[in-house]
Amino acid sequence: MSDDFDLLETNSQEKNEKVDVNWGKAIDTMKSKLAQEYDPESRQKILNATLDDVVHMAEKDRATLLDAIKDLTDYQDEVGILFERFSSLNEDEQKVIDDAQKALERAKIELEDAQNKPDTWWNNLWGRKSKIKKAEDTLKEAEKTRAAADNKAKAMFQERIESADVQTLLSELSYKSQAAITRLKNREVEIKEVEDKLQDAIVEASKNHTKALEKKAETEAKLEEQYALLKQARQALEEVADKQSTEYSEALAKVTELEQKVEELEGLKNAYTTLAASKDSFVHKHNLTIKVLTSLRSNLQTHRAKLKSDTDERLKYYDGYVVALKARTDQEFASILEHLGVKTDEHIGETLAAMHTASARARQEMMDNIPVHEKVMQGVYSSYAEALQEIRAKDVDIQKNFAERYGIDMKEIFEDYYKADANKPSKDNSGGVGNGVPKQDTEDDLLG
């Protein structure tokens, strides 16, 4: 089985950059917000859930995630975590930081190149000092830009996630979890290094404690000797009868010398006693610190192992959640299409039914209107017959008038006229339209 499976593995040989932590109220704020998410009506919501309810619940999930991401981002600033090392930046956001970093590195190289040119009158003549000054100004500006790049990228990131979907927010949360795993491991390494130093300190303090006790014992032995000598000297001093004699002065000097040695040894004894007590105290203090650090490191290992394992599982869990949201959307879309299809079917059915009934009514109206049409046509025909009768009566008068005035019998002409087809063209080659009147010979044409 692969060694990677060991979730508690901590490589103390790795050297990682330490991060200064300035603790604030960020953790308490986040805990408070998370505690407010408890909803006693959640069971009822599940029991009575509809697809529309899920939309609101998913939107609440998105809003909660968005707030959490914002709080975590702010928390990074409070505890001194570099923004770009704890957030998944897109290409544009990362480019802001990368460009600023590259510009800073170029400015450092240009300044170094300018400063490395020999300080000769010839180089100074060609602007060595002005180039150094310009490079220094460029470097200062690049440092300002680099310092502001994180905030600019952060602002772009915050603006982007404002409208981000749940999938993007879940990815960001997973990224932060993975970054936290690395951070926890680095902290374990740091604690382990301190533990090792404290172990060495305990050994050294124990050695010094032992040495101090040994020196104290040696000093006490010397003190015993000096106390004995001092007692003898004081006895000898008392035995000198002439207090003004040289013998008395020598005896007094001897007592003073021995008292001084005793005082020095007493001070040395106290020093070794204090040092031994101090070293003994620090042995216990270091031991207590190691116990605390070991406990913290153990807890960090537990959190890291759980976070690492849970994050791996959570990614699958989130994938399922995102797919479920998409499936809900597809289901809603299918439901809408089905609803629209049913409505369309209803509308088409209504239209077809209306079309059939309208057609049947039109047929009925047509049948009902036939007698009306016939009646109208009967009136037309009656009027036509009446008009024709009047015309024929007038034609009789005209024939009679012609016969009386010109001796011409028009009866035959008019009878031929009425017998002829008024719409049939005449066979007259002259292009005239026949009117039923026989063509007169050209020679007989009185108007020719």
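# A guided tour from helix α8

Begin by selecting L275, which lies in helix α8, and keep in mind throughout that the model on screen is a predicted one. L275 has a relative accessible area of 37% and is therefore classed as partly exposed, since that class runs between the 20% below which a residue is buried and the 50% above which it is exposed. Add K216 to the selection and draw a C-alpha to C-alpha distance: L275 and K216 are 59 residues apart in sequence, while in space 9.6 Å lies between them.

Next, move to A212, which is found in helix α7, the element spanning residues 166-239. In the viewer, A212 should be shown with its surroundings, for with a relative accessible area of 2% this residue is buried. Which residues is A212 in contact with, once its neighbours within four places in sequence are left aside? The contacts are Y272, L275 and A276, so that the tour comes back here to L275, the residue of helix α8 with which it began. A further distance can be drawn from A212 to K269, whose C-alpha atoms are separated by 9.3 Å although the two residues are 57 residues apart along the chain.

Staying with helix α8, select G267, which has its place in that helix. G267 counts as partly exposed, its relative accessibility being 36%. For a partner, choose T219: the two residues are 48 apart in sequence, and their C-alpha atoms are 9.6 Å apart in space.

Now follow helix α8, which covers residues 246-406, as far as R297. Is R297 buried or exposed? R297 has a relative accessible area of 14%, and because the cut-off for a buried residue is under 20%, R297 is buried. Selecting its contacts, with neighbours within four places in sequence again set aside, brings up E188, I191, K192 and E195.

For a side-chain detail, show K285 together with F282: K285 lies over the face of F282, at 4.7 Å from the ring centre. A search for aromatic pairs, by contrast, has nothing to display, as zero are found in the whole structure.

Then turn to another pair of helices, selecting α4 (residues 91-116) and α6 (residues 128-162), which pack with their axes 8 Å apart and at an angle of about 170 degrees. Angles over 145 degrees count as roughly antiparallel, and α4 and α6 therefore stand in that relation to each other. When the pair is viewed so that the crossing is visible, α4 passes α6 in a left-handed sense.

Finally, clear the selections and colour the whole chain by secondary structure. The protein chain holds nine helices and zero strands, so the order of elements from the N terminus on reads α-α-α-α-α-α-α-α-α. Colouring by accessibility instead gives a view in which 22% of the 448 residues count as buried, A212 and R297 being among the buried residues visited on the way. A contact map completes the picture: among contacts between residues at least 6 apart in sequence, 80% join residues at least 24 apart.

Note on methods
Residues are numbered from 1 along each chain as its sequence is written. This is a predicted model: local features need pLDDT of at least 70, side-chain atom pairs count only at pLDDT 80 or more; totals for chains, interfaces and linings use all residues. Side-chain values use heavy atoms; hydrogens and water are left out. Helices (H or I, at least four residues) and strands (E, at least two) are DSSP runs, numbered from the N terminus. Buried means under 20% relative accessible area, exposed over 50%, partly exposed in between (1.4 Å probe, protein chains only). Contact means heavy atoms within 4.5 Å. Rings of Phe, Tyr and Trp (its six-membered ring) pair if their centres lie within 6.5 Å; planes under 30 degrees apart count as stacked, over 60 as edge-to-face and the rest as tilted. A charge sits over a ring if NZ of Lys or CZ of Arg is within 6 Å of the ring centre and within 35 degrees of the ring normal. Axes are lines fitted to C-alpha atoms, for helices over the stretch in contact, and angles run from 0 to 180 degrees between N-to-C directions. Angles under 35 degrees count as roughly parallel, over 145 as roughly antiparallel, 65 to 115 as roughly perpendicular and the rest as oblique. A crossing is left-handed if the near helix is turned anticlockwise from the far one by less than a right angle, and right-handed if clockwise.
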